[in-house]
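Biologist: Could you take me on a close tour of one part of this model, with the cut-offs spelled out as you go? I would like to hear about a pocket and what surrounds it.

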Amino acid sequence: MRQLLKTLLVASIPLATAGHASPPDVDTTTHNGTTIIRVGNSSAKVTTSVDLPNGCHQPGSISLGAPDGVAAIVNTVAVTARVTVAGDMCTQEFRVHNFEITVPVTKQTVAIIIYDAVDGQDIKATAYPLPVR
């Protein structure tokens, strides 16, 4: 998991091009439908999209912390977006649901990891770099 986090963070860092200055400090980053906005020095507002492939998939809650059984990763903030599945006769409709949460960050925080948890079993993790200040 640490190697995955390192790879995601390195791949997400914008590179300066020859003859151009480094990019300015930013307070907002957007990657693959997820937006992270720094709010002062101690918090960040996270908005993330979760795909709901049919009518049986319903948005649940979003909360601070990793799902049960997932180890914490140093200098990151974990957020879990839950989706529930109920029923056996599902309408064929594709929907996107936006979750929003404000999380605490410190000077040491380098990334926010968002866990998409479908019924607590099918868990996908994605790390997003925290905007620099």
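Modeller: Happy to: here is the second largest pocket, followed by the nonpolar cores and two loop residues. This is a predicted model, so to speak of its local features we ask for pLDDT of at least 70 and count side-chain atom pairs only at pLDDT 80 or more, while totals for chains, interfaces and linings use all residues. Residues are numbered from 1 along each chain as its sequence is written, and side-chain values use heavy atoms, with hydrogens and water left out.

The second largest pocket has a volume of about 310 Å³. A pocket here is an open set of points on a 1 Å grid over the protein atoms alone, where a 1.4 Å probe fits, with protein on both sides within 12 Å along at least five of seven lines; lining residues have an atom within 4 Å of a point. Grid points are joined across faces, edges and corners, and the volume is the space filled by probe spheres set on them. Of its 17 lining residues, Ser49, Val50, Asp51, Asp116 and Lys124 are the closest to the centre. Two or more lining residues come from each of β3, β7 (111–118) and β8 (122–129), and β8 gives the most, with five. Strands are DSSP runs of E, at least two residues long, numbered from the N terminus.

One pocket residue leads us on to a loop: Asp116 is 9.9 Å from Ala66, C-alpha to C-alpha, although the two are 50 residues apart in sequence. Ala66 sits in the loop between β4 and β5 (76–85). With 28% relative accessibility, Ala66 counts as partly exposed (buried is under 20% relative accessible area, exposed over 50%, partly exposed in between; 1.4 Å probe, protein chains only). Beyond neighbours within four places in sequence, Ala66 is in contact (heavy atoms within 4.5 Å) with Ala78, Thr80 and Tyr115.

Now for the cores, meaning sets of buried Ala, Val, Leu, Ile, Met, Phe, Trp, Tyr and Cys residues joined through side-chain atoms within 4.5 Å. The largest nonpolar core has 18 residues, of which Ile36, Ala44, Val46, Val103 and Ile112 touch the most other members. Two or more of its residues come from each of β3, β5, β6 (95–104) and β7. Apart from this core lies another of five residues, including Ala78 and Tyr115.

Lastly, Asn54 lies in the loop between β3 (43–52) and β4 (57–64), and its 15% relative accessibility makes Asn54 buried. Asn54 touches Cys90, Thr91, Glu93 and Arg95, not counting residues up to four places away in sequence.

Notes
Helices (H or I, at least four residues) and strands (E, at least two) are DSSP runs, numbered from the N terminus.
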